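Hello,

Here is the structure I promised to pass on to you. Please have a look at it first, and then read on for my notes.

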Amino acid sequence: MKTRHFLLALLASATLLATGQAAAQQQRPIRLVVPYAAGGPIDVTARMLAERAKDTLGPIIIDNRPGAGGNIGADIVAKAAPDGLTIGIAATATHAVNPWLYSKIPFNAATDFAPITQMVRVPNVLVMNAETAQRLKINTVADLIRYAKANPAKLNYGSGGNGSAGHLAGELFKKQAGIFALHIPYNGGNPAQLALLSGQVDFNFDNLATAAPNIRSGKLKAIAVTTLQRSSAMPELPPVADTLKGFSIDTWWGLVAPAGTPHDVVMKLNQAFVAALNAPETKTRFATLLAEPVPSSPGQFGAFMKSELSKYEAVVKATGARVD
């Protein structure tokens, strides 16, 4: 009888221990690696989303790992255990541009990640110094191209550096328009915008969220957005693609897990984050950053990243930009 009671007690203890371990596992926080510094648009939207999804997934800790154009943070995710407890941000730079820009990269953007969902899309915008645009009588993309062809080698444009989104957009624009403009790289987007505001450069391709305050104040003249369709943030602006067919360069980012993460874990993460992206509160808060939520299935996001990786191979090679 004593033996039977002992066995029952032992079984009960084992059950409680297993339950406790499962609960502890369930309560372990998810680490969301942001491969950029705190305070930028990607970091801000990641924190917003983490806050919204915590009721479903539990605590989500943001881990900022900037450096090497985002490669350091992306590599941490690529090499993490595929258990759903480490996920990260995949962005235009890390998963479409850097594989062609850097001579050596510590991860394979095409195979080392399991897509979860795209998060947002932020249009870039072709902007000019307002006084320059008025003096040169440039109000449209066609006006800019016409002036450049009539005045060869007189225009220049700035960007946040070689291989940046602004640089790639500028080179693609020059190629498709058949014009020349001298590229002047700066050490970051803010110095490039200051150069435009002071009239040191003639035009830039800038992030719409960054450029918007100076557009609204009248210091910058917005010519067109770089998305294929008009942006809901500034619907009055036509796409560059209205003049240059197929022109499309925008900024995007989303969520990925390490390759090999079980399908059911990926789907659980997808469902939670898609619900968070679809929440009216999320859309309202993202709108303040001029960021449009783009919830998607893992398959859709994976196909999109694959197409972007292919697109930017040609764009980066056309610029000749390299980071060694």
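Below is what I found, going from the whole chain to the two sheets and then to the pocket.

Please keep in mind that this is a predicted model.

**The chain as a whole**

The protein chain has 324 residues, and 51% of them count as buried. Its secondary structure comes to 12 helices and 11 strands. Taken along the principal axes, the C-alpha atoms fill a box of roughly 100 × 40 × 30 Å.

**The six-stranded sheet**

One open sheet has 6 strands in the order β2-β1-β3-β10-β4-β11, and its pairing is mixed. At its edges are β2 and β11 (292-293), each of which pairs on one side only.

A good place to start here is β1. This strand covers residues 30-34, and 4 of its 5 residues are buried. On one side, β1 runs parallel to β2 (residues 60-64), with 5 bridges joining the two; Val34 has Asn64 of β2 as its bridge partner. The connection is worth a look too: β1, helix α2 (residues 41-57) and β2 form a right-handed β-α-β unit. β1 also pairs with β3 (residues 86-91), again in the parallel sense, over 3 bridges. In that pairing, Val33 stands opposite Gly88 of β3.

Towards the other end of the order, the pairing of β4 (residues 113-122) with β11 is antiparallel and has 2 bridges. If you want to find the spot on screen, look for Val120, which stands opposite Pro293 in β11.

**The five-stranded sheet**

A second open sheet has 5 strands, ordered β7-β6-β8-β5-β9, also with mixed pairing. β7 and β9 (220-225) have a single partner strand each, so one side of each is left without a neighbour in the sheet. On average, neighbouring strands of this sheet are turned by 30° against each other, direction ignored.

Within this sheet, β6 and β7 (residues 182-185) are parallel and share 4 bridges, with Ser159 partnered by Pro185 of β7. There is a right-handed β-α-β unit here as well, made of β6, α7 and β7. The antiparallel sense appears between β5 (residues 124-129) and β8, which pair over 5 bridges; Val127 stands opposite Asn204 of β8 there.

**The largest pocket**

This may be the part you care about if you plan to look at cavities. The largest pocket has a volume of about 1,200 Å³. It is lined by 47 residues, and those closest to its centre are Tyr36, Ser164, Ala165, Gly189 and Thr251.

Which elements supply at least two residues each of that lining? They are α2, α4 (92-101), β6 (156-159), α7 (165-177), α8 (189-197), β8 (203-207) and β10 (251-258). Strands of both sheets are therefore on your list: β10 belongs to the six-stranded order, while β6 and β8 belong to the five-stranded one. The helix α4 gives the most to the lining, with 5 residues.

How do the lining residues divide into nonpolar, polar and charged? The split is 21 nonpolar, 24 polar and 2 charged.

Happy viewing, and do write back with any questions.

Best wishes

Methods: Residues are numbered from 1 along each chain as its sequence is written. This is a predicted model: local features need pLDDT of at least 70, side-chain atom pairs count only at pLDDT 80 or more; totals for chains, interfaces and linings use all residues. Side-chain values use heavy atoms; hydrogens and water are left out. Buried means under 20% relative accessible area, exposed over 50%, partly exposed in between (1.4 Å probe, protein chains only). Two strands pair if DSSP finds at least two bridges between them. A crossover is right-handed if, with the strands pointing away from the viewer, the path from the first strand over the helix to the second runs clockwise. On a 1 Å grid over the protein atoms alone, a cavity is a set of points where a 1.4 Å probe fits but cannot get out, and a pocket is an open set with protein on both sides within 12 Å along at least five of seven lines; lining residues have an atom within 4 Å of a point. Grid points are joined across faces, edges and corners, and a volume is the space filled by probe spheres set on the points. Ala, Val, Leu, Ile, Met, Phe, Trp, Tyr, Cys and Pro count as nonpolar, Asp, Glu, Lys and Arg as charged, and the others, Gly among them, as polar. Axes are lines fitted to C-alpha atoms, for helices over the stretch in contact, and angles run from 0 to 180 degrees between N-to-C directions.
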